[in-house]
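Visitor: Could you take me through one part of this structure up close? I would like to understand a single helix pair and then see the chain around it.

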Amino acid sequence: MRKRILIADDDIVFQKLLAFEFERRNHDNVELLIAEDGQDAMQIIDREQPHIMVLDLRMPKEDGFGVLEHLRVQKYEFPVLVLTHYQNDEFRARCMEAGVKEYLIKNLMGIEEVADKVMEYL
C-alpha cells in the first residue's frame, strides 16, 4: 500500500526539493500530494486521507492554524509535522496543543532531515 504524504506549503522550491529527496531515496511506496494553500490542503485531506502531512503555517487563502482546526473538527488523527520559519513559542505551543508531532524550523533543517522525520512517523 502506498503511503500518501501531503505537503501543504506555498513554497514551490521546497515542494520540489522534498519530492526530489523522496525520488532520490527510491521510495516507490510513497505518493506525494501537494497543496499550495490552506484551502487546497483541506480539500486534499478530505478527498485523499493522507497518512501524514508536512504543514507550513503561513499560506494564502487559509493559514496552517486554520488547517489544524479543520483536522480537529473533522477528527483526523494522522501525524502532522509543522515546518515553518516562525521561531515563536506561542505558535509552537498552539501547534503542540493541536496535536502536532513536531514543530520544525525551516532554516534549521536540511531537506534530508525533513524527509527523515516524515519517514520516522510513517
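Guide: Happy to; here is a look at one helix packing, followed by its setting in the chain. Please keep in mind that this is a predicted model.

Let us start with helix α2, residues 38-48, and helix α3, residues 64-74. Their axes come within 9 Å of each other and cross at roughly 25°. Angles under 35 degrees count as roughly parallel, and α2 and α3 are therefore roughly parallel to each other. As for handedness, α2 passes α3 in a right-handed crossing. On the α2 side, the contact is made by G38, A41, M42, I45 and D46, while α3 brings G66, V67, H70, L71 and Q74. By character, the residues of this contact divide into five nonpolar, four polar and one charged.

Now for the surroundings. The protein chain has five helices and five strands, and along the sequence they follow the pattern β-α-β-α-β-α-β-α-β-α. Among contacts in the chain with a separation of 6 or more, 64% join residues 24 or more positions apart.

The overall dimensions round off the picture. Taken along the principal axes, the C-alpha atoms fill a box of roughly 35 × 30 × 25 Å. A compact globule with 122 residues would have a radius of gyration near 14 Å, and the 13 Å of the protein chain agrees with that. Of those 122 residues, 47% count as buried.

Methods: Residues are numbered from 1 along each chain as its sequence is written. This is a predicted model: local features need pLDDT of at least 70, side-chain atom pairs count only at pLDDT 80 or more; totals for chains, interfaces and linings use all residues. Side-chain values use heavy atoms; hydrogens and water are left out. Axes are lines fitted to C-alpha atoms, for helices over the stretch in contact, and angles run from 0 to 180 degrees between N-to-C directions. Helices (H or I, at least four residues) and strands (E, at least two) are DSSP runs, numbered from the N terminus. Angles under 35 degrees count as roughly parallel, over 145 as roughly antiparallel, 65 to 115 as roughly perpendicular and the rest as oblique. A crossing is left-handed if the near helix is turned anticlockwise from the far one by less than a right angle, and right-handed if clockwise. Contact means heavy atoms within 4.5 Å. Ala, Val, Leu, Ile, Met, Phe, Trp, Tyr, Cys and Pro count as nonpolar, Asp, Glu, Lys and Arg as charged, and the others, Gly among them, as polar. The radius of gyration is taken over C-alpha atoms; the globule rule is 2.2 Å times the number of residues to the power 0.38. Buried means under 20% relative accessible area, exposed over 50%, partly exposed in between (1.4 Å probe, protein chains only).
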